[in-house]
Amino acid sequence: MKAGELYLLGKHLMELAAHGMRDDADPDVPDVYLVLISVLVEAPDISISELTARTGFAQSHVSAAVAKLRERGALHTRPDPADRRRTLVTPADGLIAAVAQRQQRDAEQVLAAALAALDPDADAVADRAARLVEAADELYRLLTARALGVSADSALMPLHSLAEEATGRPKKN
């Protein structure tokens, strides 16, 4: 795979993920809001800089989105007691249930639906989607650890943990 293909793959994956995170009845909000809220529900009380590192969005976009979401009552911010120059961000209580509902959508299901048009064999599609998600999960953990400046062996909380807790269903291995 060439770098250009990797970039295009990223674009395709972003489109699939954005579709998977939305419901038909959802208001039309920028994807950055959905991603920020998903991360904040899993890791409340994190700084803008850590939120920036975890999401990969530019800090200016993260700061602007946090400000808008705070105005709408979706997030709360406060100074970090350990370093007053940093701002800690926490989701409002009502968001946890809504985000948990969206996170129940398994990436395997989203990928399988996208791949189904290419292969009529449902079992083959499901197997391929499972393998791709496993590889993507490893890549997510490694790249997130790098962005946060921590060891790849660090215990990064996956974003699917909230859905597991809410439904009592463990992630498929």
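This briefing looks at how two helices pack together and at the nonpolar cores of the structure. The model is a predicted one, and its largest nonpolar core has 22 residues. Helices H2 and H3, whose packing is described below, each supply at least two residues of that core, as does helix H4.

**The packing of H2 and H3**

- Helix H2, which covers residues 31–42, packs with helix H3, which covers residues 48–55, at an angle of about 115 degrees, and their axes lie 10 Å apart.
- That angle makes H2 roughly perpendicular to H3, because angles of 65 to 115 degrees count as roughly perpendicular.
- The crossing that H2 and H3 form is right-handed.
- On the H2 side the contact is made by Val35, Leu36, Val39 and Leu40, which meet Leu51, Arg54 and Thr55 of H3.
- Sorted by kind, the residues in this contact of H2 with H3 are five nonpolar, one polar and one charged.

**The largest nonpolar core**

- In soluble globular proteins, nonpolar side chains tend to be buried together.
- Within the core of 22 residues, Leu51, Val66 and Leu75 are those with the most contacts inside it.
- H2, H3 and helix H4 (59–71) each supply at least two residues of this core, and the largest share, eight residues, comes from H2.
- When its neighbours within four places in sequence are left aside, Val66 is in contact with Ile48, Leu51, Leu75, Thr77 and Val89.

**A second core**

- Separate from the core that contains Val66, there is a second core of six residues, among them Leu111, Leu115, Val125 and Val133.

Technical notes
Residues numbered from 1 in each chain as written. Predicted model: local features only at pLDDT ≥ 70, side-chain atom pairs only at ≥ 80, totals over all residues. Heavy atoms only, no water. Axes fitted to C-alpha atoms, helices over the stretch in contact; angles between N-to-C directions. Helix = DSSP H or I, 4+ residues; strand = E, 2+ residues; numbered from the N terminus. Parallel < 35°, antiparallel > 145°, perpendicular 65-115°, else oblique. Left-handed = near helix turned anticlockwise from the far one by under 90°. Contact = heavy atoms within 4.5 Å. Nonpolar A, V, L, I, M, F, W, Y, C, P; charged D, E, K, R; others polar. Core = buried A, V, L, I, M, F, W, Y, C linked by side-chain atoms within 4.5 Å. Buried < 20%, exposed > 50% of the residue type's maximum accessible area, 1.4 Å probe, protein only.
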